[in-house]
Amino acid sequence: MKIANVKLRVISMPLKSPFHTHLGTVTEREGIIVEVTDPNGVSGFGEGVAFSTPWYTEETVKTSLHILSDILIPMLMKNSIEHPEEASILFKSIRRNHMAKAGLEMAIWDLYAKMNAKSLSTVIGGTRAKIASGVVVAADSLSSSLNQIEKYLDEGYQRFKIKINPRDDYRLLAEILRHYPEIPLMADANSAYTLKDVERLKALDDFNLLMIEQPLASDDIIEHALLQKRLKTSICLDESIVSLEDAKNAIELGSCKIINIKAGRVGGLYEAKRIHDYCLDKGIDVWCGGMIEFGVSRAHNIALASLPGFTIPGDISASNRFWEEDIISPEVTVEKGYVSVPASPGIGFGINEKRIRELTQVEKTFKFENK
Ligand code: OSB
Ligand code: MG
């Protein structure tokens with residue numbers, strides 16, 4: 001794969017409404033749009049999904065920009081690759097920094113698919129033409145949670161996820177289910193609990209939730225295994241799984257019954273696919289998580305979720321869940337609860353250059369020497 005240049009653009013966009021978790025509130029999303037261009041002028045796009053501050057993982061927009069600019073792009077200049085998997089393997093010599101790696105690796109996947117005139121879904125082994133869509137409710141009160149659910153139900157979403165913490169769990173879930181007894185509901189705790197809260201968590205078994213996501217520490221698999229033995233509700237791990245090795249260990253220990261796969265969290269599409277393949281083999285259900293992402297990463301998620309093991313509706317909502325105007329064209333839409341998987345080359349969505357230009361804060365271009 002010949003590369004002529006890589007362009008990084010840091011963009012910033014306000015959310016339509018604030019996104020609340022017990023860890024803080026997101027009102028403005030910054031991200032890095034990565035564009036890898038070949039000598040014919042064909043471009044592949046990826047998105048660095050680290051946040052402005054390290055609340056979800058240790059990376060930030062600034063650390064990602066540094067790792068991309070000073071480490072990963074120079075590495076790619078020195079080492080020619082024939083397939084995106086080689087980029088993923090090349091980047092393994094650098095510790096962690098998964099979101100920075102994923103941003104670049106996924107741009108290479110998009111470019112590779114476009115060079116081969118195939119959809120990204122086809123290139124990675126996708127089998128679905130449409131994927132079931134779920135949505136996240138992350139409000140700061142019961143009434144606004146109920147309002148959001150009402151609206152998202154109307155829009156056809158098939159699964160609802162609500163953020164919980166020890167101060168706001170039983171009553172919140174009970175009220176939601178009193179108003180909407182039939183909705184497929186799950187809860188995400190983003191590590192708000194410890195093992196001392198086991199009785200609180202056991203009480204949530206009353207609600208027959210689809211699952212509870214990441215109740216305990218963000219780097220734990222041992223205590224989650226102890227907790228899973230005491231709960232009827234399935235545990236799903238998010239933060240704790242950053243590699244295939246983590247997934248193997250967690251499954252072996254019984255730390256979870258379900259895994260949320262996010263390509264950004266695990267270093268890219270290659271690792272995400274390896275985790276998917278392993279889980280499919282072991283009979284562990286997976287679903288595709290979200291990162292309050294812009295359209296480029298959302299498009300990659302759609303391709304990823306078209307793989308056969310993604311049996312549970314993920315956090316793949318429409319562009320208009322978060323944004324007044326997204327950076328892709330057309331935007332992602334949900335119809336009768338489904339998002340269709342594009343069949344056109346690469347991620348299958350065009351780039352709204354005008355919108356990206358309006359949002360760009362920093363731009364850097366790296367020219368490759370092609371001998
Ligand atoms: O824990 O799944 C999470 C958003 C940002 C960071 C972490 C998480 C989330 C979400 C929202 O829950 C997912 C989405 O983008 O729809
Ligand atoms: Mg989560």
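Let's begin with the salt bridges: this predicted model holds 21 of them. Asp-169 and Arg-200 make one, with their closest N and O atoms 2.7 Å apart. That contact ties together distant parts of the chain, since Asp-169 sits in the loop between strand 6 (159-163) and helix 6 (170-179), while Arg-200 belongs to helix 7 (residues 198-203), 31 residues apart. The two ends differ in their surroundings: Asp-169 is buried, at 3% relative accessible area, whereas Arg-200 is partly exposed at 37%.

For a local counterpart, look at helix 11 (residues 269-282). Lys-273 and Asp-277 are four residues apart there, so about one helical turn separates them. Their salt bridge has its closest N and O atoms 3.6 Å apart. Lys-273 is partly exposed, with 26% relative accessibility, and Asp-277 is partly exposed as well, with 35%. Elsewhere, salt bridges with shared partners join Arg-159, Lys-161, Lys-163, Asp-188, Glu-213 and Asp-315 into one network.

Two names from that network, Asp-188 and Glu-213, turn up again at the metal. Together with Asp-238, they coordinate the magnesium ion (ligand 2) through carboxylate oxygens labelled OD, OE and OD, at 2.1 to 2.3 Å. Along the chain, the donors follow the spacing D-x24-E-x24-D. Asp-188 lies in strand 7 (residues 185-188) and Glu-213 in strand 8 (residues 212-213), so to speak a link between distant parts of the chain, 25 residues apart. How accessible are these donors? Asp-188 is buried at 1% relative accessible area, Glu-213 is buried at 0%, and Asp-238 is likewise buried at 0%.

Asp-238 also has a salt-bridge partner, Lys-262, at 3.1 Å from N to O. Asp-238 is in the loop between strand 9 (235-237) and helix 9 (244-253), and Lys-262 is in the loop between strand 10 (258-261) and helix 10 (263-266), 24 residues apart. Lys-262 is buried too, with a relative accessible area of 6%.

Now for the nonpolar packing. The largest nonpolar core has 97 residues, and the members touching the most others are Ile-162, Ile-164, Ile-176, Leu-185, Ile-259, Leu-304 and Ile-327. Take Ile-176: leaving aside residues up to four places away in sequence, Ile-176 touches Leu-142, Leu-146, Ile-149, Ile-162, Ile-183 and Leu-185. A second core, separate from that one, has 29 residues, including Leu-8, Val-10, Leu-90 and Leu-111.

Next comes an open, antiparallel sheet of four strands, in the order 3-2-1-15. At its edges are strand 3 (43-48) and strand 15 (360-367), each pairing on one side only. From one strand to the next, the twist averages 25°. Strand 1 (residues 5-21) and strand 2 (residues 24-37) pair over 13 bridges in the antiparallel sense, and Arg-9 stands opposite Ile-33 in strand 2.

Two helices lie across strands of this sheet. Helix 1 (residues 61-78) crosses strand 1, strand 2 and strand 15, running at about 155° to strand 1. Helix 3 lies across strand 1, strand 2 and strand 3, at about 155° to strand 3. Finally, Arg-95 is in the loop between helix 2 (84-91) and helix 3 (98-115), and is exposed at 68% relative accessibility. The C-alpha atoms of Arg-95 and Ser-317 are separated by 31 Å, with their positions 222 residues apart along the chain.

Notes: Residues are numbered from 1 along each chain as its sequence is written. Chains are lettered from A and ligands numbered from 1 in the order in which they are written. This is a predicted model: local features need pLDDT of at least 70, side-chain atom pairs count only at pLDDT 80 or more; totals for chains, interfaces and linings use all residues. Side-chain values use heavy atoms; hydrogens and water are left out. A nonpolar core is a set of buried Ala, Val, Leu, Ile, Met, Phe, Trp, Tyr and Cys residues joined through side-chain atoms within 4.5 Å. Buried means under 20% relative accessible area, exposed over 50%, partly exposed in between (1.4 Å probe, protein chains only). Contact means heavy atoms within 4.5 Å. Donors are N, O and S atoms within 2.8 Å of the metal (3.2 Å for Na, K and Ca); water is not among the atoms, so sites may look incomplete. Two strands pair if DSSP finds at least two bridges between them. Axes are lines fitted to C-alpha atoms, for helices over the stretch in contact, and angles run from 0 to 180 degrees between N-to-C directions. A salt bridge is a side-chain nitrogen of Lys or Arg within 4 Å of a carboxyl oxygen of Asp or Glu.
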